Amino acid sequence: MATTIRRAAVLGAGLMGSQIAALLASCGLEVLLLDIVPDSLTPEEQRRGLTLSDPRVRSRLATQAVERLRRMKPPPLFTAEAADRITPGNLEDDLPRLREADWVLEAVVEDLGVKQDLWRRVAPHVQPGTVLSSNTSGLSIAAQAEALPAELRPHFLGTHFFNPPRYLKLLEVIPTPDTDPEVVSFVRSFATRVLGKGVVIARDTPNFIANRIGTYGLAVTLRAMARFGLGVDEVDAITGPAMGRPKSATFRTLDLVGLDVFAHVARNTRARVADPAERDALELPPYIEEMLRRGWTGDKAGQGFFKKVKGASGESEILALDLQTLEYRPRKKVRFASLDQARNVADPGARLRALVSAGDPAGRFAWEVLRDVLAFCAARLDEIAGGDVAAVDRAMRWGFGWELGPFEAWEALGVRETVVRMEAEGVQVPDWVREKDRFYPPGPRADGPLSFTVQKADPTRVVKAWPGATLVDLGDEVLGLELHGPKQAIGQDYVAAVRFAAGEVLRNWRGLVISAEAPNFSVGANLVLILMAAQDEDWDEIDQAVREFQSANMTLRYLPRPVVVAPYGMTLGGGAEIAFHADRVVAAAELYMGLVEVGVGLIPAGGGTKEMAVRMTRQVPRVQSQLPGPVDAQPFVNRAFEAIATARVSGSAAEAAQLGYLRATDRIVMNRDLLLAEAKAEVLALDRAGYVPPAPERIPVLGPDGRAVLELGIYTLRNAGQATEHDAKVARKIAHVLTGGDLPAGTLVDEQYLLDLEREAFLSLCGEPLSQARMAHLLQTGRPLRN
Ligand code: NAI
C-alpha cells in the first residue's frame with residue numbers, strides 16, 4: 001500500500017484527463033500523461049517529413065494536450081511552470097513506465113469496453129501497491145474491476161472529478177466491494193490534503209451522487225417549465241441565486257456543460273435505473289432531441305439555449321431560444337415580485353423560504369422543482385449515499401455550487417411543514433423522513449475543521465466584536481481576528497481590532513491569526529469613505545485613516561508574539577497589505593493576490609509599496625555574496641514596480657510566490673477548509689520555537705538614477721499608447737516611493753520614511769479628479785475605468 005503519492009499516471013489526455021494532470025502537477029506531483037497513438041499524420045507532420053513511427057507523432061495527443069493546458073481559461077495550472085512536471089507519452093510505448101507510478105488514473109472515453117480493455121493492458125505493468133482509479137462519470141466501477149486480476153482489485157476504486165477539476169471542489173470516491181478500506185481512507189485523505197478536494201464517498205450506482213441528482217433536477221425543471229409555460233430566461237432567473245444556485249442557473253449551465261454531455265448522462269442513467277418514475281422523468285423532451293440533431297449543443301457549438309450575435313450597431317447581444325419555435329429571440333426582462341424580494345435576503349435558507357412560499361409563478365415554480373428534487377433525494381438516499389445526508393448535501397454544494405444541499409434546504413424550510421405540503425400535493429415521502437424534525441443535530445456542526453463560525457457559536461469564545469471584525473478564541477491560547485462585513489472591506493474596525501488585540505495578545509495569548517470566512521479574504525480598503533472624504537477635500541481625514549492603517553500593519557509586524565495571516569480567494573489592495581505584514585502567511589492554494597490600487601488611480605499606502613521595496617532590496621545582498629562583482633539592485637526594484645504599476649493579481653498562491661507577494665517562509669495549504677487550523681498550528685509552532693519579533697529594517701534606496709530608469713519605462717509605455725497620461729502620473733508616484741524619494745542612492749532609510757512617502761503620494765492622488773472618477777466608476781459599476 002502506497003504511503004504517499006509522488007508520481008501519477010493519467011491515461012487519456014482529453015478534456016478531463018489533461019486537466020486532472022494539470023491539477024496533480026500543480027499540487028507538486030510528477031505526472032505521466034498518456035493517450036492513444038494516432039493512425040494518421042497531420043499536414044504539419046507530413047510537411048516535416050515525420051512518419052507514424054516517430055515518437056513525436058506517437059505521443060502527439062498528450063503533447064498537444066499539455067500545450068492546450070497552458071492556454072486554457074480559466075487556467076487549469078497554478079503556474080505555467082507546473083506544466084513542466086507533466087511528461088506526455090502514449091498508451092503503447094510508455095506502459096512499462098507505469099511501474100514507477102504510485103497512482104494510475106484512467107480518464108479515457110466513457111465506454112465500458114474501452115475501459116476494461118485498457119485495464120487488462122495496464123495490469124501487467126503496475127506494481128501491486130499502486131492505487132488504480134477510474135474517472136468515469138457513471139459507469140460501474142465493479143464492472144471495470146472485473147478486468148483486473150484479483151490481486152490488484154483491492155487497490156482499485158472510482159475517483160470522479162468534476163469539470164473543471166481545479167475549481168470544482170467535489171471528488172466522489174467510489175469503492176467496490178473488493179476495495180481495501182485502507183485504500184479508500186488513504187485516497188480520501190490524500191485528495192483532501194494534497195489536492196484540496198472535498199471528498200464524498202458514493203455508492204457504485206449509475207452516475208453516483210451529484211450527477212444523479214443534478215440530472216434528475218434538470219429533468220424536473222424542464223417538465224415544470226412546460227407546465228408553467230415559462231421561457232429559458234425566466235427559468236434561469238428563478239433557478240439561479242434566488243434558489244441558492246450559481247448564476248449560470250439551468251440553461252447557461254447546460255450551454256457551458258454541453259447539451260450532448262447532459263443528454264449522454266441522462267440516457268445512460270435512464271438505461272440503468274430500476275424505478276420507472278425516474279426513467280419517465282429522464283425522457284428528454286422533443287426540442288432537446290431536435291437541438292442535438294441540429295448540433296446546437298451550447299458554447300462549444302456557438303449556440304445552444306443562448307446565442308451571442310453581433311447587433312446592427314456592432315454591439316454583441318445575447319439571444320434566447322424559444323423552445324416552441326426553436327427560433328432565437330431577444331432576451332426578456334424577467335420580473336417577479338418574489339424574485340425582487342429574494343434578492344435582498346442574504347441568508348440562503350431564509351431566501352429559499354421566502355421564495356417557495358410566494359404565490360406568484362416564480363414562487364410556485366421554484367417550489368415544485370425543489371419539492372420533486374427533495375422527494376427524489378429522500379427516496380434514493382440509501383441507494384446512492386448509503387443513508388448519509390451529509391454526503392448528498394456536500395456533493396451538491398461542492399459539485400454543483402448549491403449554497404445549501406437538498407437536506408440542508410429541506411431543514412431550512414422546516415422538515416415537517418415541507419412534508420405536509422408535499423403530501424397535500426400528492427408527492428410521496430419515505431417513512432424515514434416523516435419521522436424526522438431535523439436531518440442534522442441542532443447547532444453548528446462540530447465535526448468539521450476549525451472555523452470562526454463554530455468557535456463563535458459558544459459566546460464565551462468571542463473576545464470582542466466590532467461590526468467589521470471579531471476577536472475569537474481559537475483554543476490553545478491562540479487569538480483569531482476575523483474580518484467580516486461587506487466584502488471584508490478594511491476600515492476603522494480592522495484598526496480598532498488590531499489595536500485591541502495587540503494589548504490582549506501580550507497579556508493572555510501565544511499569538512494571533514487573521515483570516516475571514518466569507519468567499520474572499522478581502523477586496524481592500526473601504527473605497528466609499530476615501531472617495532467621500534476626497535470629494536469633501538477632507539485631507540486630514542484621509543491622512544489620519546491611512547496613518548492608522550499603516551500603523552495597524554506595523555503593529556502586526558513588530559508585535560512581540562507571532563502573527564499569522566491566512567488569506568484565500570481575492571486578497572486585494574489593503575487585504576494583501578495586511579498579509580504582507582505577517583510573520584508568516586499561511587495561504588490557500590487558490591489565492592488571487594495583488595496590489596490593485598492603480599486601478600482606482602491610487603498607490604498602495606498601507607505599507608504595500610514600502611513592503612515590496614523592502615522585499616526586493618533584501619534579495620540583493622543574498623545574490624551579491626554569490627557573485628564576484630557588485631550587484632545592481634535595479635532589476636529587483638523593477639520587478640516590484642511592474643507588479644504594482646500593472647496591478648498584477650496572482651492566479652494562485654504559487655504564482656503569488658513567484659511575484660514576490662509570498663515569501664519563501666510563507667506556506668501554502670491546498671484545502672481552504674483546513675486553512676484556519678493550519679494557521680493556528682503555525683502560531684503555535686512559532687511560539688514553541690522561541691519567537692522574537694524581527695529587527696527594524698534599514699533599506700538602501702536606489703535614488704534618482706534608479707528612478708530615471710523606471711521613468712524611462714513609463715515614458716515608453718505612454719508613447720506606445722499602452723498607458724494613459726493619468727496611468728503615467730500614478731506610475732511616477734510609485735517609482736518615487738520605491739526608489740526612496742529624493743535621497744541619494746545607497747542612503748539607508750527606515751520603514752517609516754517609506755510609509756510617509758506612500759502616504760503623501762496617496763493623498764496627492766486622492767485630490768486628482770481622474771482618480772476620483774476611477775473610484776466612483778468602480779463603486780458604481782464594479783469595473784475599473786481607464787482614463
Ligand atoms: P474526451 O473525449 O475529452 O477524452 C477522452 C480521451 O480518451 C481522448 O483523449 C481520446 O483520445 C481517448 N481515447 C479514445 N479512445 C480511446 C481508446 N480506445 N483507448 C484509450 N483512450 C482512448 O472525454 P472527457 O470529457 O475527458 O472524459 C473522459 C472521462 O471522464 C469519461 O469517462 C467521462 O465520462 C469522464 N468525465 C467527464 C466529465 C466532463 O465534464 N467531460 C466530468 C467527469 C468525468
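By buried I mean a residue with under 20% relative accessible area, counting protein chains only as cover. Keep that in mind for the strand I start with. One caution before that: this is a predicted model.

Let's begin with strand 4, residues 103-106. Its side chains alternate: Trp-103 and Leu-105 point one way, while Val-104 and Glu-106 point the other way. All of these residues are buried, Glu-106 included.

Now the neighbours of this strand. Strand 1, which is residues 7-11, pairs with strand 4 in the parallel sense, over four bridges. In that pairing, Val-104 of strand 4 has Ala-9 opposite. Strand 5, residues 131-134, also pairs with strand 4 in the parallel sense, again over four bridges. There, Glu-106 has Ser-134 of strand 5 as bridge partner.

Next, the ligand. Which residues come nearest to the ligand? They are Met-16, Asp-35, Glu-110, Lys-115 and Ser-137, out of 20 residues around the ligand. Sorted by class, that shell holds 11 nonpolar residues, six polar ones and three charged ones.

Some individual distances may be of use at this point. For Glu-110, an N or O atom of the side chain is 2.5 Å from an oxygen atom of the ligand. For Ser-137, a polar side-chain atom lies 2.5 Å from an oxygen atom of the ligand. Val-108 takes part through the backbone: one of its backbone N or O atoms lies 3.3 Å from a ligand oxygen atom.

How much of the ligand's accessible area does the protein cover? On its own the ligand has 820 Å² of accessible area, and the protein covers 74% of that. As for where the shell comes from, the elements giving two or more residues to it are helix 1 (15-26), helix 5 (112-122) and strand 6 (156-161).

Last, two annotated regions. Both come from UniProt, and both are from an unreviewed entry. For residues 208-307, UniProt lists the domain "3-hydroxyacyl-CoA dehydrogenase C-terminal". In the model, that span is 63% helix and 2% strand, with its end C-alpha atoms 32 Å apart. For residues 516-609, UniProt lists the domain "Enoyl-CoA hydratase/isomerase". The model makes this span 40% helix and 18% strand, and its end C-alpha atoms lie 24 Å apart.

To go back over the main points: strand 4 pairs with strand 1 and with strand 5, and Glu-110 and Ser-137 are among the residues that come nearest to the ligand. That is what I have for today.

Terms used: Residues numbered from 1 in each chain as written. Predicted model: local features only at pLDDT ≥ 70, side-chain atom pairs only at ≥ 80, totals over all residues. Heavy atoms only, no water. Near = heavy atom within 4 Å. Polar contact = N/O pair within 3.5 Å; in protein donor to acceptor, adjacent residues only side chain to side chain. Areas by Shrake-Rupley, 256 points an atom, 1.4 Å probe, with all protein chains shown as cover. Nonpolar A, V, L, I, M, F, W, Y, C, P; charged D, E, K, R; others polar. UniProt positions renumbered as here; feature names shortened; annotations may be inferred. Buried < 20%, exposed > 50% of the residue type's maximum accessible area, 1.4 Å probe, protein only. Pairing = 2+ DSSP bridges.
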